[in-house]
Amino acid sequence: MTENQRLRRVVIVGGGTAGWMTAAALGRFLKDGYTQVTLVESEAIGTVGVGESTIPQINIFNRMLGLDENDFVKKTKATFKLAIEFRDWKQIGHTYHHPFGPYGVDMEGVSFHAYWLRQHAMGLSDDLGEFSLQTIGARLDKFMRPNGQPNSPLGTIAYAFHFDAGLYAKFLREYAEARGIVRQEGKIASVQQDGLNGHVTSITLESGQVIEGDLFIDCSGFRGLLIEQTLKAGYEDWSHWLPNDRAVAVPCESGGSISPVTRATARPAGWQWRIPLQHRIGNGYAYSSQHISEDEATAYLLNNLDGAPIIDPFTLKFTAGRRKKSWDKNVVAIGLSAGFMEPLESQSIHLIQVGISRLLAHFPDRNFRQPDIDRYNRTMTFEYEKIRDFLILHYKATERSDTPYWDYLREMPIPDYLADKMALFKGSGRIFRENEELFNDTSWFAVFVGQGIMPEGHDPMADTMDDKLFLARMAEIKSVIAKSAEVMPGHFEFIKANCDAMA
Ligand code: FAD
């Protein structure tokens, strides 16, 4: 690459979670003045600020930044997360967990899931959760980090975080500014494009200040200031599969113990989240405006809190879907500007992370070569679509028939990929992870079984072990997990001892 092909100026538009995560990563990797990075944000516009529950992949991002985890937890008033607890999804009154980390252990090269199904077929319907250390930890409000012990479930505990989104952005801002990222306050009033190739050349703030750039990263949220309002990349609407289009949110005071679990409770026209932090609980009701009014949803939420509301409830509007091209010309959309699916599996911050790592892997020079851009878009489409289908499963596989909302979801046609995956599981109990899709076979198994889909058969390879040995091994696995859980400290005690933000 010649000197004049090098990107000299990168402009990040937006200072929400997406903007500051991107800035932190660029600050970490674009060293020694290789490229000047400016982040523009407007305090008057503000951020969405409710994305507070994560999945274990965030640990990869944190390690990439070289963060001290206890410092990060303290500064964001975070708690730990071992699972999502789904209440009332299969039927009202039914609960299951989607844990991080595997169930049991594979034996003789055969998946543990097949052995569990074999046991189930024998009429020994053991609770699946008892084969998952994370599920037991979630049920008992226990937590510890993996202790590295080989051959013990304690050696590989997978976990994520609940954190305060505002404090997370602040934390990353400090990190990014310390690495040379320049923050510019101001509202963008207009966008200028090259008359020949349509590339964005600069943005102009209301103050009249002009900021020029070679690469623009659009982290402007739902509005997609550059990717949509300027470049008209187009939006694929998935609301016929994911009809929730509003969320009313309100934080409340902490009540009771701090559990290492995000709770998702199905409601008459959507679902309610509960995210416990060290200093408060994040709550919201994601709902379909076709099926319930804003006033009703708000009242429902306020009647179902564990503590007094800290501020007035506020409502966010969205359309499930994704930008048809999240990279177009010299603009890359990351975060809500690239698409949005309701946070049922806490996947949005992960999609920001994927957008950043793919951008780094396809980092352009001024030639902006189309094969790189096409590949970026292709791989991001794959990520979004596979996550979408996993989310749809939660709705399709319900037995609820108490409201028109659930009737619609139970009966709706589904994407082919999901239909194939469900058919395969319903037959032989098999699940295959396609091309490193985000949610692996454990996740799919947890939701299939949790929502009551039991297959006709199971992998015959699981029948090759004789009954006595098989039952002894299953009992041993369960017992090892139960004993491991006994050693885990309480989640609250763990935080107090290691990363107490309230001290
Ligand atoms: P925003 O937070 O909207 O930030 C946009 C930025 O652009 C702001 O800084 C704004 O000032 C700036 N901006 C916009 N226009 C202009 C302009 N004209 N001039 C200057 N600046 C401008 N994700 C999870 O992973 N887990 C969750 O539990 C979760 N829960 C969610 C619940 C709900 C109801 C919603 C809606 C989202 C949730 N998410 C969750 C998603 C998560 O909140 C977002 O992915 C994340 O906050 C990223 O948002 P963003 O930075 O893309 O956009």
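Q: What makes up each domain of this protein?
A: In this predicted model, the domain assignment gives domain 1 as 9–49 + 164–235 + 325–368, domain 2 as 79–162 + 387–491, and domain 3 as 246–317.

Q: How do you know that domain 1 and domain 2 are in contact?
A: Contact calls for heavy atoms within 4.5 Å, and 8 residues of domain 1 meet that cut-off with 14 residues of domain 2. The C-alpha centres of these two domains lie 37 Å apart.

Q: What is the area buried between domain 1 and domain 2, and which residues of domain 1 supply 63% of its part?
A: About 910 Å² is buried between them, with carbon and sulfur atoms giving 71% of that. On the domain 1 side, M341, L344 and E345 supply the 63%, more than any other three residues.

Q: How many salt bridges and polar contacts are counted between domain 1 and domain 2?
A: The salt bridge count is 0, while 4 residue pairs are in polar contact.

Q: Why is helix α12 called mostly covered?
A: Buried means under 20% relative accessible area, and 9 of the 10 residues in α12 (441–450) are buried, so the label fits. Among them are W444, F445 and F448. The buried residues pack against β5, α4, α9 and α11.

Q: What makes the N440 to T442 pair at the start of α12 a polar contact?
A: A polar contact needs N or O atoms within 3.5 Å. A side-chain oxygen of N440 comes to within 3.1 Å of the backbone nitrogen of T442, so the pair qualifies.

Note on methods:
Residues numbered from 1 in each chain as written. Predicted model: local features only at pLDDT ≥ 70, side-chain atom pairs only at ≥ 80, totals over all residues. Heavy atoms only, no water. Domains from an automatic or database assignment. Buried area = accessible area lost by both parts, 1.4 Å probe. Salt bridge = Lys/Arg side-chain N within 4 Å of Asp/Glu carboxyl O. Polar contact = N/O pair within 3.5 Å; in protein donor to acceptor, adjacent residues only side chain to side chain. Buried < 20%, exposed > 50% of the residue type's maximum accessible area, 1.4 Å probe, protein only. Helix = DSSP H or I, 4+ residues; strand = E, 2+ residues; numbered from the N terminus.
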